[in-house]
Amino acid sequence: MSPKAKQPEAAPISRKEVAVRINQVLTGIRVPDLPYPTGNSTPDAIPDWGPLLLSCWSEQRDERVTHVLRSVQIGWSVRQVNAAYLADRIMDVFLNTSGLHASLVSRVARLRFWCAWRLGEDGGKAFPQVVLDWLDHLQEWRGWSDTGGRSSRALLDLLDSLVVAVAASFEQGSTEPVNVYCQQWLEDSKKRLGQVDRLRHRLYETELGLSRQRHAEQVSKALVGRALKGRQLPIFISGFVLNDWMAVLKQSVLADGEQSELYRHANKILEWLVWAGDPALSDKDRGKLYRVGEQLGDLVHDVWRRAMGQDIPVAKIEAINAVIVDRIKGQITDLEPALPVSGDFVYEAGWIDRAALNDSDFEPYLERWFVKGEGVDEQRRFFFALLPDSHEIVWTNGAGVKLRLQDWTEFQAELDAQTLRLLPDLKPFGEVLDETLRLLVKVCQKQQRQREQAALEVRARAEAVRREKEETQRLAAQRQAAHEAMLERQRAEAEQQRIADEKLELGRLVREAEAEAARQIDQLELEGWIVLESEQAKDAPLRLKLAVKIAATGKFVFVDRLGLNRHQLMREELVAGIVGGRIKILGGGAAFDDTLSRVVGRIRGSRG
């Protein structure tokens, strides 16, 4: 494995595309229950929200910008309301999905006040590239926990400096203080990561050597503990095994490993020392005891020299040989428990012949972050390396400092109990920004379609109302025309009826007049006078008297008073002339004149 920790990589995002999406959201989205203005705001009427947002930032308040806007009675512009909503939305998603420690990300999320201010001022250009790079680079602190240690306090101090930089940005009306802060952070981070990598490399080399030492020590103790457990041995034999031969066993493991010939020989000599020293074992086969005792001193010396690189002290060999000789002679030797009665000698038999771990067992966890605890109390640790000899995990913090060692079996038990869990892959700020904007742009587009559809429906309803009104007016006009036509028809019918009645009446009157005229003519006697109106208005009427009356033919002959100027009229002409008013009979009496005048007047009235 490599001791170099994996660094987070943030997918690059298009600044131009981000700017377009931000502007689209700022102008297009409408969120229910937000304090939008009732009308369009003029530039002069847009309130200055910088002091309010600066106050919230200085107080490090953990609340949404939209909540702050609602808490004051000020008419904000649509752009300000949407900028507040967008800043809240981005930081809320970052707060919930970044994977950073809750205490860390909550402090970063307070940047929502600054972000809202810059979004309102600059729109799509609100996030300078250096600020985005800094936010993405916060993943460097994904292993940070609020432990109270030096590395923990160092990050909190850096974030305290951010409070000052953002406040200066508000006061100056510029992003420059924040840009300088982020740039300095990134430069310091490069140096810090280089130091961490060097520290990790040294740590790995050191722990690897110490792991081999622990493994050899634990194996040798396990071998000795297993061999001496429950045995009664001469005090020199047990003391030699515990104080001297255990070191030989440890060195054999360190030198060539547990599969080596030296290790097997050292372990075999350990068994022979215990077998030969314990009467309960060796008295049953005195012949084997003699053969073992004859070779044991030379074997001990040989293995000692190979393992330790020097000869064994002569006194120790002589003491071993003396004990073996006493055992062969059958002399009674004082025996004592081989292991300390106090129980100070502790060993784990599981270290003997322990199976090696496969790479596939631990590689899924290697160089991954793990979490223990919940919320602000969670602690994070980095699976830096697995030491193959001791089967121990080296846990480090985000600064590359060793936290502890943990046995592989204990680690598995914690995973099974879910008291220790893998930290999910972190989501960089750039990805949070990109995904949030994509989602909000879809909402904008949907709302735009809804508004367009609503406008179409309004126009359609207006058109329908217009057509309905026109149809109503047309029907009313038709009814009015029909009514007028009916009235005209009734008038025409009445007029026709009146004319018909007048014609009937005229005919009746004419008949009456003709009858009356005929009666008068019939009563006209010879020498009776008539007045004949001239056809020319300037001529005076002509007075004539009846000279001849021929009843058989209805012919009447009239002459003037001298008997001259003869006029011949037929009876029908006389009737027509009388009825027409051109001829007047004289000398017919007053009653006759009145009767005739009435008849003629009615005839004329009917014709007029």
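**Reading a predicted chain**

Q: Where does Gln60 lie?
A: Gln60 is in the loop that runs between H2 and helix H3 (65-70). The model is predicted. Gln60 is not a glycine, yet its phi is positive, at about 50 degrees.

Q: Is Gln60 buried or exposed?
A: A residue counts as buried under 20% relative accessible area and as exposed over 50%. Gln60 has 17% relative accessibility, so it counts as buried.

Q: Which sign does phi have at Asp33, and where is the place of this residue?
A: The phi of Asp33 is positive, about 70 degrees, although Asp33 is not a glycine. Its place is the loop between helix H1 (15-28) and H2.

Q: Does Asp33 count as buried or exposed?
A: The cut-off for exposed is over 50%. Asp33 counts as exposed because its relative accessibility is 70%.

Q: How should I read a helix, and which residues of helix H18 are buried?
A: An α-helix has 3.6 residues a turn, so residues three or four places apart point the same way. In helix H18 (residues 571-580), the buried residues are Leu574, Val575, Gly577, Ile578 and Val579. After H18 comes Gly581, with a positive phi near 85 degrees.

Q: How should I read low confidence, and where in the chain is it lowest?
A: Where pLDDT is low, the predicted coordinates should not be read in detail. Here confidence is lowest in helix H19 (residues 590-607), with a mean of 57. It is highest in helix H2 (residues 50-58), at 94. Over residues 1-11 pLDDT stays under 50, and for this stretch the model has 27 contacts beyond four places in sequence. For the chain the average pLDDT is 85, and 93% of the residues score at least 70.

Q: What radius of gyration does the chain have?
A: The chain has 66 Å, whereas a compact globule of 608 residues would have a radius of gyration near 25 Å. The C-alpha trace spans about 220 × 65 × 35 Å along its principal axes.

Q: How many helices and strands are there, and what share of the residues is buried?
A: The secondary structure consists of 19 helices and 12 strands. Of the 608 residues in the chain, 40% are buried. Among contacts with a separation of 6 or more, 69% join residues 24 or more positions apart.

Q: What does the chain expose, and how far apart are the mean positions of its charges?
A: The chain exposes about 33000 Å², of which carbon and sulfur atoms supply 52%. There are 85 positive and 89 negative charges, and their mean positions are 7 Å apart.

Terms used:
Residues are numbered from 1 along each chain as its sequence is written. This is a predicted model: local features need pLDDT of at least 70, side-chain atom pairs count only at pLDDT 80 or more; totals for chains, interfaces and linings use all residues. Side-chain values use heavy atoms; hydrogens and water are left out. pLDDT is the predictor's confidence in each residue, from 0 to 100. Helices (H or I, at least four residues) and strands (E, at least two) are DSSP runs, numbered from the N terminus. Contact means heavy atoms within 4.5 Å. The radius of gyration is taken over C-alpha atoms; the globule rule is 2.2 Å times the number of residues to the power 0.38. Buried means under 20% relative accessible area, exposed over 50%, partly exposed in between (1.4 Å probe, protein chains only). Accessible areas come from the Shrake-Rupley method with a 1.4 Å probe; for residues, only the protein chains shown count as cover. Lys and Arg count as positive and Asp and Glu as negative; His and the chain ends are not counted. The place of a charge is taken as NZ of Lys, CZ of Arg, CG of Asp or CD of Glu.
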